[in-house]
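Here is a walk through one protein model, taken a piece at a time. Keep the 3D view open and turn it as you read.

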Amino acid sequence: MVSEPGVDRAGGARRVRVDGMADTPLDLTLDAAQLTARLVDFPSVSGTEKPLADAIETALRALPHLTVDRYGNNVVARTNLGRAERVILAGHIDTVPIADNVPSRLDEDGYLWGCGTCDMKSGVAVQLRIAATVPAPNRDLTFVFYDNEEIAAEFNGLKHVSEAHPEWLAGDFAVLLEPTNGQVEGGCQGTLRVLLKFKGERAHSARAWMGSNAIHAAAPVLAKLAAYEPRKPMVDGLEYHEGLNAVRIEGGVATNVIPDTCTVTVNFRYAPDRSEEEAEAFVREYFADCGVDEFVVDDHTGGARPGLNHPSAAAFVEAVGGEVHPKFGWTDVARFSALGVPAVNYSPGNPLLAHKVDERVKVSLIPEAEEQLKSWLAA
């Protein structure tokens, strides 16, 4: 038996053990901050999400206005009111490994501390509160709670649902509750990682002229990277900032041997107005005159346009207010984009605090996010 987790109404914090949560129900009548604390106190490191998925499924099945489906540890709930539009609210329920920062605690400055507070259980709490308190929204709603976002893409629950049940993710617009510090961040960048490989010939470093230095052969690539001028295109009214950078160099056999191989790993972060094919073609062409012996695509995932010209997106931005920013980085909004669903990122968490030992969220931003979503969905 464990004591009551999370934040109490007097503003204190109750300490709990992190085991034994599997049979603890989720009370969706708690306010959004209290619900965040309870979610944080459900440890759900990637691969261990089942108890939390069970609790979310049970809580949602108790709501008569929702149809609930489950695939693995992914829970999808929907209203079916025949509205003209359908909006998706999505969030992952896993966290990075706990760093002695569970259970949650509330400090005197109004911050809730704990693994997942920022990324992204405060966003999940907002999803659950909307599911529980907006039974007749002005748009039909789909709520997606998915697992394994914080590890390799092959395990991503949203990916698995999109492949097994794409009809569950049909919609006109999506909001991914990734941390944005209470501001709207549109779309996301694509990311391409390539290996530029050079071949040389080994020799004794005292007789370097007998060989060919593969590391030296990579110099033109580094010069091109140093001279790169980033493109800053406007996409749906947002200015993105592309980046092309060497992120790793590997080469060398021993300190007395001329290296016969060298690999420069380059990461291209590109704006969502480029397709994956266009991004790869650009990088190939950019380094075409650098004497690369082998060009290997190591990892590639396309970006997502923000779709801010869509009526639902425009209404959402108006309801939330503030300045809209582009998402610098990749998020699962790209998966919605691949399904033809424009999407934005929005939640109370500060992305600069994600995955940190001192991860925390400003408590006042959590109910504020809930109320802004309600004003959009209940108007």
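Before we start, a word on names: helices and strands here are DSSP runs, a helix having at least four residues and a strand at least two, and they are numbered from the N terminus. One more thing to keep in mind is that this is a predicted model.

**Two buried threonines**

With those names in hand, look for Thr180, which sits in the loop between β9 and β10. Is Thr180 buried or exposed? Buried means under 20% relative accessible area. Thr180 has a relative accessibility of 2%, so it counts as buried. Skipping the neighbours within four places in sequence, Thr180 touches Glu185, Lys327, Asn345, Tyr346, Ser347, Gly349 and Pro351.

Now hop over to Thr95, in the loop that links β5 and β6 (105-106). Thr95 is buried too, because its relative accessible area is 2%. What does Thr95 touch, once neighbours within four places in sequence are set aside? Its contacts are Ser44, Val45, Ser46, Cys115, Gly116, Lys121 and Glu150. Take Gly116 from that list: it is 21 residues away from Thr95 along the chain, yet the two C-alpha atoms are separated by 5.7 Å.

**The open sheet**

Next, find the open sheet of 8 strands. Going across, you meet β3, β4, β8, β5, β9, β20, β10 and β19 in that order, and the pairing is mixed. Which strands form the edges? They are β3 (67-71) and β19 (325-326), each of which pairs on one side only. At the β19 end, β10 (residues 185-186) runs parallel to β19 and is joined to it by 2 bridges. Gly186 faces Pro326 of β19 there.

Helices lie across this sheet. α3 crosses over β5 (86-92) and β8 (140-146), at about 145° to β5. α10 (residues 365-377) lies across β5, β8 and β9 (173-176), and its angle to β5 is about 160°.

**How α1 packs**

Both of those helices also pack with α1 (residues 32-40), as the table shows.

| Helix pair | Angle | Axes apart |
|---|---|---|
| α1 and α3 (residues 117-133) | about 125° | 8 Å |
| α1 and α10 | about 115° | 8 Å |

The angle between α1 and α3 makes the pair oblique. Their crossing is right-handed. From α1, the residues Ala32, Leu35, Thr36, Leu39 and Val40 meet a set in α3 that includes Thr117, Lys121, Val124 and Leu128. Sorted by class, this contact has 7 nonpolar, 3 polar and 2 charged residues. You may recognise Lys121, which was also on the contact list of Thr95.

α1 passes α10 in a right-handed crossing as well. Here Ala32, Ala33 and Thr36 of α1 meet Ile366, Pro367 and Glu370 of α10. That contact divides into 4 nonpolar, 1 polar and 1 charged residues.

**A covered strand**

Last stop: β11 (residues 190-199). How many of the 10 residues in β11 are buried? The count is 7, so you can call the strand mostly covered. In general, strands of a sheet pair through backbone hydrogen bonds, either parallel or antiparallel. β11 has antiparallel pairing with β17 (residues 261-270), over 10 bridges, and with β18 (residues 294-301), over 7 bridges. To spot these pairings on screen, look for Gly190 opposite Tyr270 in β17, then for Thr191 with its bridge partner Thr301 in β18.

Terms used: Residues are numbered from 1 along each chain as its sequence is written. This is a predicted model: local features need pLDDT of at least 70, side-chain atom pairs count only at pLDDT 80 or more; totals for chains, interfaces and linings use all residues. Side-chain values use heavy atoms; hydrogens and water are left out. Axes are lines fitted to C-alpha atoms, for helices over the stretch in contact, and angles run from 0 to 180 degrees between N-to-C directions. Angles under 35 degrees count as roughly parallel, over 145 as roughly antiparallel, 65 to 115 as roughly perpendicular and the rest as oblique. A crossing is left-handed if the near helix is turned anticlockwise from the far one by less than a right angle, and right-handed if clockwise. Contact means heavy atoms within 4.5 Å. Ala, Val, Leu, Ile, Met, Phe, Trp, Tyr, Cys and Pro count as nonpolar, Asp, Glu, Lys and Arg as charged, and the others, Gly among them, as polar. Two strands pair if DSSP finds at least two bridges between them. Buried means under 20% relative accessible area, exposed over 50%, partly exposed in between (1.4 Å probe, protein chains only).
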